[in-house]
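Got your viewer ready? Here is a short tour, one selection at a time.

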Amino acid sequence: MLSLRIVRRIARGLPRSLGDPLFKGLSAVVAIGVVALLGIITLVLAFAAEPSIRRFGPSFLAGGVWNPVPPEVFGAAPFVYGTLVTSALALLIGVPISLGIAIFLSELAPAWLRIPLTYIVELLAAVPSVVYGLWGIFVLAPTMRSVIEPAVQATLGFLPIFQGTPIGSDKFAAGVILAVMVVPTISAVSREALLAVPANQREAALSLGATRWETTRLAVLRYARAGIFGAIILGLGRAVGETMAVTMMIGNRNAISVSLFDQGQTIASWIANNFTEAGPLELSALIELGLVLMLMSLLINVFARLMVRRVLRRGEGAA
Amino acid sequence: MSAEPEEIVRRRSRVGGRTVLIAVVAIAVVAVVLLYGAFAGWFGGGPITLVGAGATFPFPLISKWSSVYVNRTGVRVNYQAIGSGGGIAQITARTVDFAGSDAPLSPTERAAAPGLLHVPETIGAVTAAYNLPGISTGLNLTGPVLVEIFRGNVTMWSDPSIANLNSAVPLPAQAISVVHRSDGSGTTFVWTNYLHRANAGGWGTSLVGKSISWPVGSGQLGNSGVAAYIIQHSGAIGYVELAYTVQNSMTVAKVRNPAGSFILPSLNSTAAAAEGAAPSLPAPDADWSQVSILDAPGPDSYPISSFTYLLVYKELTVIGSSMTQTKAKALVDFLWWAVHDGQNYSADLVYVPLAQAVVDIDAFALQSIRYNGQPLR
């Protein structure tokens, strides 16, 4: 508190004309600093990954084997595949549930329920991932193995993605735990977006005779879609970068297979698993894997932005 | 959007003010903490702190030593369990005073850090743990059968190769589900070395290491992850450090040793293995990469065990200016205590105490440590 008072006193002592330029300068330094930091991180990663890049070249991305025993061979394909599959699965399961929660909290819930529920959802978003992982390994995995996966197989077993023996730690289980983890994030941020929709939007729709559902769909969701899209991207970020919970649920097998009931592996989980005991070349390959993950995140973000822009433009045309 | 209510704008600015306040307070707190950290060294010399890093396996034992030792002598021991690979990297870069490693230095690693001594600190045994309903601990298995299971050639518990070793046990016609470590680990190093030893043709050198490309099975993180998987999955088999199987009361296999007996893993049977191997150990500063107490001689020796090592420089001045003569003396004294009195704490934590023959080898190694050419012990 003392330092705060000092800062205030100094600030008061400054001539008025200095305040704004100073503020502008400081903000600019911080903003440029973040960009510079990203650049430096990328450079350092690229530098450290250089031995692996030189040795394996583009075959690193296509390679399906990761063997640190000499002669060392490292390939990223199973991890890229596992990351994409589990994240997509997480969004597929998680987004509809999150939107349901967000709509209920902002549009439908009575006031006495709204506040405690909102609080709980936001609390869930702050639970550390290792806690989800432990819950996954001791509660979700046995349930998946004995109840959920056999049920899915009984009804949808003809699909190639649901074949094989369900053992409860596989890509499907990892997708489910990721869905559980992204739901609080997506629903909390989506709820904010829905709340930001002006009340007169709703009133206008209702006054035209729209039902509750029509109002929500046409006036509220459409108005808030940019925010909802942002929420989904945030959730995707959590799913793509998750390590502990995935490691504990995915079965950790470096193979590409169609069935979700087979074990797999993701980039983030693999890096976390092998960093401590890696030799020099393996370390370099793990860092290259980190670069691949950064590149993937970048591509996903760019793609998402393009999509948001397209959706928004279409919305303007319709309005 | 043009009709954005003024109220929102006002609310935003209010939130903004509070955010700035919180940010300023946070920055101030961080600054104070950092300043304290930077200048803490100025306030008096403080107690001696020995810094080590490396293997996670001996971490519970070393932290027990550390807490006992600081009360006895005032010397702090700060051991960071970052993994054997990380420990070797740090001692090679001379950023720590000693390292812990589950595997001896490879010739390449040794060349990068000349003058590092191997000091066996404790012994680990790796068990073949399984989960078969109705079948208790002590199923008979052999190295070659384990190779076939972990290669995926033997897939049923009722397979004749297992049934022949266990004529009295009604084995179920159940699928075997293999589980291994997903993280790089000294336990994997010991286990894959054992499989290679049992059948070099069936388990080639490309499958030996801290982390390998597994033919079959699913991976779990850490001994605890593998243990949890086995406990949950009927039909599962995996390799787990002895301490975890004891703490979780898991069912484990008896493994046949070179003398032909099927031996249950325990503190005693592992100690017997280390005792049997002691006469063949090299000089402390020699190449230890071939050292192994797998398949150790002796009728009661459990065949799958290994030393875990402390790595310390023979000439401590190479660490640099942070290594004073006082600190060097404290380091050697601590290591001396650890391999002697420290061994009394092993059994409670399910570590195998070093056999006397090995303690003698360690004592010889520690006596050879110098500071500026002067002996410290």
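Start by selecting chain A and colouring by secondary structure. Walking from the N terminus, you pass α-α-α-β-β-α-α-α-α-α-α-α-α-α, which makes 12 helices and 2 strands. Keep in mind that this is a predicted model.

Now zoom out until chain A fits the window. Its C-alpha atoms fill a box of roughly 65 × 60 × 45 Å along the principal axes. Try colouring by burial next: 37% of the 319 residues of chain A count as buried. If you like contact maps, plot one for this chain too. Among contacts between residues at least 6 apart in sequence, 75% join residues at least 24 apart.

Next stop, the place where the two chains touch. Select the contact residues: chain B gives 28 and chain A gives 26. On the chain B side, the elements that supply two or more residues are α1 (6-39), α3 (84-92), β7 (218-220) and α8 (222-232). Colour that side of chain B by residue class and you should find 18 polar, 8 nonpolar and 2 charged residues.

Stay with chain B for the last stop, a sheet. Which strands make up this open sheet of 3 strands, and in what order? The order is β5-β10-β11 in chain B, with mixed pairing. Select residues 140-141 and 262-263 of chain B to see the edge strands, β5 and β11, each of which pairs on one side only. Then add β10 of chain B, residues 254-256: β5 and β10 pair in the parallel sense over 2 bridges. To finish, pick B:Asn140 and look across to β10 of chain B, where B:Lys254 is its bridge partner.

Conventions
Residues numbered from 1 in each chain as written. Chains lettered and ligands numbered in written order. Predicted model: local features only at pLDDT ≥ 70, side-chain atom pairs only at ≥ 80, totals over all residues. Helix = DSSP H or I, 4+ residues; strand = E, 2+ residues; numbered from the N terminus. Buried ≥ 20, exposed ≤ 12 C-beta atoms within 10 Å, placed from the backbone. Contact = placed C-beta atoms within 7 Å. Nonpolar A, V, L, I, M, F, W, Y, C, P; charged D, E, K, R; others polar. Pairing = 2+ DSSP bridges.
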